[in-house]
Amino acid sequence: MAKYRLVLLRHGEGAWNKENRFCSWVDQKLSSDGIKEAQNCGKHLKALGFEFDLVFTSVLSRSIQTAWLVLEEMGQEWVPIQSSWRLNERHYGALIGLNRAEMALNHGEEQVKIWRRSYDVTPPPITESHPYYEEIYNDRRYKCCDVSQDNLPKAESLKDVLERLLPYWNEKIVPELKSGKMILISAHGNSSRALLKHVEACACVEKCEESLAEDLVLLTEDCPSATPVPTQEQLPDTFWLFCSLCSGDLDCCRAGLKGNMNRALRPLLL
Ligand SMILES: O=C(O)[C@@H](COP(=O)(O)O)OP(=O)(O)O
């Protein structure tokens, strides 16, 4: 039996994913395709015999809905779910709600790529005149966070996402993994990317005190070759799985489960 067991999911397709708009902190629900993707993912995980002990989600409905649908398909609805804004999608600031293709026409492909896939470039911040400002900052879910509403981000780079995510990862998730629980994280494209970057970096570094470091064996394979889905017995001693497709800035797929599992969720590559 593997020592540390983590499955990291990017949620199924949301309504604005379909429209190619920056969704970010706007609380869009899953599209009908997204619902099917999450259900398929649950079927695959069930077929592979996964038994989750604890689930972490962001406070955005698309990640929570994905977790519910996965658990329902697996007959594991009873598994506790913990939600935190720290797993939210990257805050895209003033870009929220805008269409990526229109942005590319107005600002150029290169600029849009920098906003989306650079590590430490922060897009312009959201201001009070933004059409979604009130909807986001007056939402009750952000009144009970571990930071005050005034201190919530107004725009984030991927680096900022990692910085706000790490305390939660280290304090809430890592101890549960270390206690032997099988964990599902249902998150977003960029919060997964940030976490992936951290976990992989730690796995490469000899000593990384607060991480799973040497004990963590990553199942890394070149993208996009389809490989057979390993059974639980075939998994190495310690594993984590990234159940979605590649992230453009990380160059290749990091996934223990590929093929069916990855096709169950919308690829991260756009
Ligand atoms: O905010 C969004 O629209 C996408 C990410 O956008 P990109 O960084 O891929 O542009 O997040 P998700 O659908 O994973 O919650």
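A residue is called buried here if 20 or more other C-beta atoms lie within 10 Å of its own, exposed if 12 or fewer do, and partly exposed in between. With that rule in hand, we can begin inside this predicted model, at strand 1, where six of the six residues are buried, so that the strand is largely enclosed by the rest of the structure. The enclosure holds for both faces of strand 1, since R5, V7 and L9 on one side and L6, L8 and R10 on the other are all buried.

Before going further, it helps to see the whole chain. Its secondary structure comes to nine helices and five strands, and, read from the N terminus on, these elements follow the order β-α-α-β-α-β-α-α-α-α-β-α-β-α. Of the 270 residues in the chain, 39% are buried. Among the contacts with a separation of 6 or more, 75% are between residues 24 or more positions apart.

The strands show how such distant pieces of sequence are brought side by side. Strand 1 and strand 4 run parallel and are joined by six bridges; within this pairing, L6 stands opposite I183 of strand 4, while L8 has I185 of strand 4 as its bridge partner. Strand 4 also pairs with strand 2, again in the parallel sense, over four bridges, and here L54 has I183 as its bridge partner in strand 4.

The residue I185 leads from these strands to the packing of nonpolar residues. Apart from its neighbours within four places in sequence, I185 is in contact with L6, L8, L9, F56 and L87. In soluble globular proteins, nonpolar side chains tend to be buried together. The largest nonpolar core of this model has 32 residues, of which L8, V70, L165, L184 and I185 touch the most other members. Two or more residues of this core come from each of strand 1 (5-10), helix 2 (32-47), strand 2 (54-57), helix 3 (61-74), helix 7 (158-178), strand 4 (182-187) and helix 8 (189-204). Helix 7 gives the largest share of this core, namely seven residues. There is also a second, separate core of 12 residues, among them V26, Y92, I126 and I136.

We can now turn to the positions that a record singles out. In an unreviewed entry, UniProt places the feature "active site" at H11 and E89. They span 79 residues in sequence, yet no two of their C-alpha atoms are more than 10.5 Å apart, so they gather at one spot.

Is H11 buried or exposed? H11 has 32 C-beta neighbours inside 10 Å, and therefore counts as buried, although H11 is found in a loop, the one between strand 1 and helix 1 (15-18). Not counting residues up to four places away in sequence, H11 touches L30, R62, S63, T66, S186 and H188. E89, for its part, has its place in the loop between strand 3 (81-83) and helix 4 (100-107), and E89 is buried because 25 other C-beta atoms lie within 10 Å. Leaving aside neighbours within four places in sequence, the contacts of E89 are C23, S24, W25, S58, L60, H188, G189, N190 and S191. H188 therefore appears in the list for H11 as well as in the list for E89, given that contact is judged by C-beta atoms within 7 Å.

E89 also has a part in the surroundings of the ligand. Of the 13 residues around the ligand, C23, S24, E89, H188 and G189 come nearest. Sorted by class, this shell has four nonpolar, six polar and three charged residues.

Another loop residue offers a contrast in burial. K29 lies in the loop between helix 1 and helix 2, and, with 14 C-beta neighbours inside 10 Å, K29 counts as partly exposed. K29 and G14 are 15 residues apart in sequence, while in space they are 5.7 Å apart, C-alpha to C-alpha. Beyond its neighbours within four places in sequence, K29 is in contact with G14, A15, S61, R62 and Q65.

Finally, consider helix 4, which follows the loop that holds E89. How many of the eight residues of helix 4 are buried? The number is zero, so helix 4 lies largely in the open, whereas strand 1, with six of its six residues buried, is largely enclosed. Just after helix 4, G108 takes a positive phi of about 95°.

Conventions
Residues are numbered from 1 along each chain as its sequence is written. This is a predicted model: local features need pLDDT of at least 70, side-chain atom pairs count only at pLDDT 80 or more; totals for chains, interfaces and linings use all residues. A nonpolar core is a set of buried Ala, Val, Leu, Ile, Met, Phe, Trp, Tyr and Cys residues joined through C-beta atoms within 7 Å. Two residues are in contact if their C-beta atoms, placed from the backbone, lie within 7 Å. UniProt positions are given in the numbering used here, feature names are shortened, and annotations may be inferred rather than shown by experiment. A residue is near a molecule or strand if its C-beta atom, placed from the backbone, lies within 6 Å of it. Ala, Val, Leu, Ile, Met, Phe, Trp, Tyr, Cys and Pro count as nonpolar, Asp, Glu, Lys and Arg as charged, and the others, Gly among them, as polar. Two strands pair if DSSP finds at least two bridges between them.
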